[in-house]
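Biologist: Please take a close look at one part of this model for me: the place where the two chains meet. Then carry on to a few single residues.

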Number of protein chains: 2
Amino acid sequence: VAQARKPFKGSGRQLRVDVPVEGHNYAVLIGEGLLDRAGDLIGARLRGQRILVVMDEAVATPHAQILFKSLSSCTGVEAYTCKVASGEQSKNIKELTKLWMSLGASNVGRDGAIIAIGGGMVGDLAGFAASTWLRGIDLFLIPTTLLAMVDASVGGKTAINSTLGKNLIGSFWQPRLVLADVSTLRTLSEPEYCSGLAEVIKYGIVKDRALFELIEERCDSILCRDPETLSEIIEWCCSIKGQIVVRDERESGERELLNFGHTIGHAIESKLGYGVVRHGEAVAIGMMAEARIAAEIGTGWSDAAHERLEELLTIFRLPCDLKREGAPSARALLDSTYSDKKVRSGQVRYALPTALGEAKTGFEVSDEIVLKVLRELGAAE
Amino acid sequence: VAQARKPFKGSGRQLRVDVPVEGHNYAVLIGEGLLDRAGDLIGARLRGQRILVVMDEAVATPHAQILFKSLSSCTGVEAYTCKVASGEQSKNIKELTKLWMSLGASNVGRDGAIIAIGGGMVGDLAGFAASTWLRGIDLFLIPTTLLAMVDASVGGKTAINSTLGKNLIGSFWQPRLVLADVSTLRTLSEPEYCSGLAEVIKYGIVKDRALFELIEERCDSILCRDPETLSEIIEWCCSIKGQIVVRDERESGERELLNFGHTIGHAIESKLGYGVVRHGEAVAIGMMAEARIAAEIGTGWSDAAHERLEELLTIFRLPCDLKREGAPSARALLDSTYSDKKVRSGQVRYALPTALGEAKTGFEVSDEIVLKVLRELGAAE
């Protein structure tokens, strides 16, 4: 279980995280200009010639153009395209079926591959299609949002949403390679960019006080999207996630730490409506709620830590409460937590922080405390 | 890679095949009366309490009743039911979605399970649902057809069909336990029962001359569905498949041996229409066609072996040619072979017998030979 930070190709700007999941080792390359080199990097790992590039409509220009130009250097490769409408609502059975049909129409065989370029939505959807086409074909991920770089790059989770809830249908499927080109982050809108920072903060809270403090210290560089700082932070997050995932590929224990903020975050997304609130925004509110729950039940989470969390979320223009028009009721949110896939036999289990940089899993919290905290944060009665 | 034949619980009638797929060891239990003991056998392996029983409508009575009675002995277990209309045409996206919705409605969690009872269709469909619900839950298979017992019990293949073709969408997902109760075979119609014998014969041809000769020798007992003989033969087939699968879980090489008869068999199913011809019947014709191809290209497959194959198929009332109303054209069948998922970069690769009990994979055959053989077997021009 090696997990090294190595300079990549001698450039200070390019970093590499190796994710040694058993039988499916792969690398996450992080840096500027990786998209220009995608043809070489992916081409060297292709087993066949037919690939389907699945792209978020929003990134079709200009990132996809760079990708296609780069892929054109791979002799013999036939790249087909499938565009998916932007937004979490595209992660559905209908779009999945569309991808399957595209794979069939393009005659992508077992030695073929999918390249997913875009945010987490595209990675989740295309990853699920890759895992289920001909019982599994190769997958290359090119995340173009901060959220996708720090969250979806490592872990092999794929999924779609349904009327039943978020991510309930899906699979574990490891990519062959991930290219996180930080240049693409410059094109994100501010709310979208900041949404990704919620997950970055989460890593600091549950696993690494030093990361949290680095984020505090460099918050200006982060807001300016300085590529060096971003590469370093993304690499740090991927390393943390890689270490956890390698020890717990199927999320039976330690991996649940990463659900901090997500039990309530998912409920918020589900009740406000996917697309109405960004994932990272919902997670920001979810972290505030779950950190308060931690304080309520006495995990050791201190007021001082709570203030630092709130301050950092505020600096990054992330929401800290539910005070808004159309806020769902505390009861509706609570009910929604019970349909989360983390629920085992009817009991919701929370991952809660015990200190800055430390968290524990498996907390069972009374409905009363959850309702109280949600109401304090501005949920309707 | 152990692969032992052990007597099961001291009874001469109950056999056991251990399938030691890495990280997912499981047993196939074979014998009479296993359905009555399903509650104990499955109950001991359940991790949670909620299970969804997916059943072929046709087996709802009486097999499912025995299963439910047996499950009622498992304290605390809540068993929900989802019926699927009989027939290969139910292996589709709509029915898959229905299963996902049932899993959601029944609140089956990560520690829950699916029990699939019925033929291969139910196992494939429910297995795919199990592999994709919450990124994978436990699966128990209770095959009630001979085909499902010898084919789907071992190997972890799950799939659905689509307008693109058969089994193109699916996953690899190993069951926790398989119960092959040979008593259930008595209720099959003769064509359905005989259809399963095509796969049994296939194992003999590609891997074990002694099995082929046992089938020849005991063809009367087999036609009478003698439980002892059936248990022995099913165990033999599962052992062969288990050995192959363990060495080649993801079908990169040796496992392709088991595709003998299936390249053309699938084309026949696809062109005649699923449900119009039984899978085993299509495989019988497919074996005849592919064995002729073997003879044409000179793999070593002899006329004497070919006659024995044809004789055995005939004894078991399986079709040996395409001479029938509405037979598809040779060209249409050939074209259909190119959409099979075994196709790599446009080249169809056949698994062909070289002698009775031996076969090789990876044969590339000219279109002319395939067309010639198909026409000889009665395909339309």
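Modeller: What follows starts with the interface and then moves to individual residues. Keep in mind that this is a predicted model.

Start with the extent of the meeting. On chain A, 38 residues are in contact with 38 residues of chain B. Together the two chains bury about 3300 Å². Carbon and sulfur atoms account for 57% of that area. Salt bridges between chain A and chain B number 0. Polar contacts are present, though: 6 residue pairs, with both partners at pLDDT 80 or more.

Which elements of chain A give two or more residues to the side that touches chain B? They are two helices and two strands: α3 (93-105), α4 (120-132), β8 (157-162) and β9 (165-172). By residue class, this side of chain A divides into 15 nonpolar, 14 polar and 9 charged residues.

Now the symmetry. A turn of 180°, with a shift of 0.0 Å along the axis, lays chain A on chain B with an RMSD of 0.0 Å. The two copies are thus related as by a two-fold rotation axis. The interface fits that picture. Of the interface residues of chain A, 100% are also interface residues in chain B, so the copies meet through the same surface.

One residue brings this down to atoms. A:S131 sits in helix α4 of chain A, and α4 is one of the elements on the side that touches chain B. Is A:S131 buried or exposed? It is buried, because its relative accessibility is 4% and the cut-off for buried is under 20%. A polar atom of the A:S131 side chain lies 2.9 Å from the backbone oxygen of A:F128. Beyond four places in sequence, A:S131 is in contact with A:G136, A:T158, A:S171 and A:W173. The list also crosses to the other chain, with B:G170.

Next, a loop residue. A:T144 lies between β7 (138-143) and α5 (146-152) of chain A. A:T144 is buried, at a relative accessible area of 1%. Setting aside neighbours within four places in sequence, what is A:T144 in contact with? The partners are A:V59, A:H63, A:I117, A:G118, A:G119, A:M149, A:T184, A:L185 and A:L188.

Over to chain B. B:M287 belongs to helix α11, residues 279-297. B:M287 has 0% relative accessibility and so counts as buried. With neighbours within four places again left aside, B:M287 is in contact with B:A198, B:I201, B:K202, B:F260, B:G261, B:L309 and B:L313. For a distance along this chain, take B:C238. B:M287 and B:C238 are 49 residues apart in the chain, and their C-alpha atoms are separated by 20 Å.

Last, an exposed residue. A:K360 is part of strand β12 (residues 358-363) of chain A. A:K360 counts as exposed because its relative accessibility is 52% and exposed means over 50%. Even so, A:K360 has partners from outside its own four-place neighbourhood in sequence: A:L257, A:Y350, A:A351, A:L352 and A:T354. A:K207 gives a further reference point. A:K360 and A:K207 are 153 residues apart along the chain, with 9.9 Å between their C-alpha atoms.

To return to your request: the copies meet through the same surface, and A:S131 is in contact with B:G170 across the two chains.

Note on methods
Residues are numbered from 1 along each chain as its sequence is written. Chains are lettered from A and ligands numbered from 1 in the order in which they are written. This is a predicted model: local features need pLDDT of at least 70, side-chain atom pairs count only at pLDDT 80 or more; totals for chains, interfaces and linings use all residues. Side-chain values use heavy atoms; hydrogens and water are left out. Contact means heavy atoms within 4.5 Å. Buried area is the accessible area (1.4 Å probe) that two parts lose on being put together, summed over both. A salt bridge is a side-chain nitrogen of Lys or Arg within 4 Å of a carboxyl oxygen of Asp or Glu. A polar contact is a pair of N or O atoms within 3.5 Å; within protein, one must be able to donate a hydrogen and the other to accept it, and residues adjacent in sequence count only if both atoms are side-chain atoms. Helices (H or I, at least four residues) and strands (E, at least two) are DSSP runs, numbered from the N terminus. Ala, Val, Leu, Ile, Met, Phe, Trp, Tyr, Cys and Pro count as nonpolar, Asp, Glu, Lys and Arg as charged, and the others, Gly among them, as polar. Copies are superposed by least squares on the C-alpha atoms of residues with pLDDT of at least 70 in both. Buried means under 20% relative accessible area, exposed over 50%, partly exposed in between (1.4 Å probe, protein chains only).
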